[in-house]
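Open the structure in your viewer and keep the selection box within reach. We will go from stop to stop, picking a few residues each time and looking at what is there.

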Amino acid sequence: MDAAHVFDRMQPALAPLVHETAIAHGVLVLAIEPANLLALVRRLKDEFAFDLFLDVTAVDWPGRTPRFEVVWHFYSTQHKVRVRVKTQAPEADPAVDSLVTLYGSARFMERECHDMYGIDFRGNADLRPILLYEGFVGHPLRKDYPKQREQPLVPYRTAE
Amino acid sequence: MKMDRRTIPIAPDKSGASARERSGAFEFISTKKDELIGWARKFSLFPYPFVTACCAMEFMAVSGTPYDTDRFGAALPRFSPRQSDLLMVVGTITHKQAPILLKVWEQMCEPKWVLAFGACATSGGFYQNYAALPGIDRIIPVDVYVPGCPPRPEMVIDGIMQLQDKIARQRHPILTKDF
C-alpha cells in the first residue's frame, strides 16, 4: 500500500478531529485544535500504526495570534509514511498536552522543546533543562531572544 | 700505522690521548639556566587534547604519521591534565562546557601552555549565539592561536613551533621566582 492509499484512508476517518489537511512533500499534514491532540495521536498510533515518534518542535511567529505553532512528526514503520501534526499555542500560556503516555521517547524531546521555546507540556513531570543549563533565563530559539545575549557560567577574565 | 683523525673520524686512534679525551665526554658546557631549561621543555610537550568538535579530525591528521608531531616532541597525549603541560583546545566550547574546561586547566601543573586549535576555540568562529563561548581566552589565558576552520596540519605544526620559540624565550623559574 503506497502513501497515497494510506492518506486516502486516513483523511475521512480522522476528519472529525482535524480542521485542515494537506499533503506537503509527501507528508500528510494535519492541523488540529489543541484539545484534540491526545485523541488524534492515540488513533494515529492504534489504528494507523504510526509507531515511531520522530520529533516535536515549535515555530515562533512574532506578531501572530496565537504566537506559537507546535509541530509533531510521526512515522509508520509498517506503511513507511510520515505524518505531521500541527497545533497552536498562545503566548500567555504556551501549553499543550504531553505525549509521554503514548510514546516514552516524548519525554526528552518535550524537554528540548521546552528549553528552546518555553512550551509547557501538560503531563510531562520532568521539564528540567536538557540542552541548556540550570539558571539559564529565557528561551533562546524564540525570535525575541537577543542574538548576542550570553549567559556565561564562568566569569570572564578581566584584561591584564 | 698512524692515521689522520680528521680524514677518518669513525675510528680515531686514541692510543696517545688521555683517558678524558678517549671517553669523548663533555666535561662542562656553558649556557644560561633559562635557555637550558627552555630547550629541554620545548621538546618535551605533553599535550592534553580537549577535543569537542570537528577539528578533532584535523587533530588526528596532524598527530598521525604523515605529519607526525612526534618530530617536535609533542606526540604523546596524556589523558590526565595532571600529567600534561600543553592544553590543546580543539573545537567549539559552549557556555555549558566552560566550567569543565576551566577545571581541566586548573588541574594542570605549572609550567603549562594553552593552544587554541581552530576558529571556534580562538574566537567562537561563526557561532555568535546563546550557546557558544566566543573564544576560550575569555576564561583561560592562551599562548598560541591557530585559526582555520579547520586549520591545515601545517598551520598546527607552525603553531607548535611558535609555541616552542615562545617557551625557549621564556623565563623558567625552578626554585624561586628569581631562579
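How many bridges join S1(B) to strand S2 (residues 86-90) of chain B? Select both strands and count: five bridges link S1(B) to S2(B), and the two run parallel. Within this pair, Pro49(B) has Met88(B) in S2(B) as its bridge partner.

Before moving on, a few conventions. This is a predicted model, in which local features need pLDDT of at least 70 and side-chain atom pairs count only at pLDDT 80 or more, while totals for chains, interfaces and linings use all residues. Residues are numbered from 1 along each chain as its sequence is written, and chains are lettered from A and ligands numbered from 1 in the order in which they are written. Helices (H or I, at least four residues) and strands (E, at least two) are DSSP runs, numbered from the N terminus. Two strands pair if DSSP finds at least two bridges between them.

**Stop 1: the sheet of chain B**

Colour chain B by secondary structure. Six helices and four strands should appear, and from the N terminus on they follow the pattern α-α-β-α-β-α-β-α-β-α. The four strands make an open sheet with parallel pairing, ordered S1-S2-S3-S4. At its edges are strand S1 (47-51) and strand S4 (144-146) of chain B, each pairing on one side only. On average, neighbouring strands of this sheet are turned by 20° against each other, direction ignored. For such angles, axes are lines fitted to C-alpha atoms, for helices over the stretch in contact, and angles run from 0 to 180 degrees between N-to-C directions.

Now stay with S1(B). Four of its five residues are buried, so S1(B) is largely enclosed by the rest of the structure. Here, buried means that 20 or more other C-beta atoms lie within 10 Å of a residue's own; 12 or fewer make it exposed, anything in between partly exposed, and C-beta atoms are placed from the backbone. Follow the chain from S1(B) through H3(B) to S2(B): this β-α-β crossover is left-handed. A crossover would be right-handed if, with the strands pointing away from the viewer, the path from the first strand over the helix to the second ran clockwise.

**Stop 2: helices H3 and H6 of chain B**

Select helix H6 (residues 153-169) of chain B. H6(B) lies across strand S3 (113-117) and S4 of chain B, running at about 170° to S4(B). Then add helix H3 (residues 55-63) of chain B, which packs with H6(B) at an angle of about 70°, their axes 9 Å apart. That makes H3(B) roughly perpendicular to H6(B), a label for angles of 65 to 115 degrees, while those under 35 are roughly parallel, those over 145 roughly antiparallel and the rest oblique. Show side chains for Glu58(B), Ala61(B) and Val62(B) on H3(B), and for Pro153(B), Val156(B) and Ile157(B) on H6(B), which make the contact. Residues are in contact if their C-beta atoms, placed from the backbone, lie within 7 Å.

**Stop 3: Gly38 of chain B**

Centre on Gly38(B), which sits in helix H2 (residues 33-42) of chain B. Gly38(B) is buried, with 21 other C-beta atoms within 10 Å. Leaving out residues up to four places away in sequence, Gly38(B) touches Ile167(B), Ala168(B), Gln170(B) and His172(B). Try a distance label too: the C-alpha atoms of Gly38(B) and Gln164(B) are 8.5 Å apart, although 126 residues separate them along the chain.

**Stop 4: across to chain A**

Display the contact between the chains, to which chain B gives 10 residues and chain A 13 residues. Then hide chain B and look at the sheet of chain A: five strands form an open sheet with mixed pairing, in the order S1-S2-S5-S4-S3. S1 and strand S3 (52-60) of chain A stand at the edges with a single partner strand each, so one side of each has no neighbour in the sheet.

Select strand S1 (residues 18-24) of chain A: the count of buried residues among its seven is zero. S1(A) pairs antiparallel with strand S2 (residues 27-32) of chain A over six bridges, and Thr21(A) stands opposite Leu30(A) in S2(A). The two strands form a hairpin with two residues between them, and His25(A) in the turn has a positive phi of about 55°.

Finish at the other edge, where S3(A) and strand S4 (residues 68-76) of chain A pair in the antiparallel sense over eight bridges. Asp55(A) stands opposite His73(A) in S4(A).

Notes: Two residues are in contact if their C-beta atoms, placed from the backbone, lie within 7 Å.
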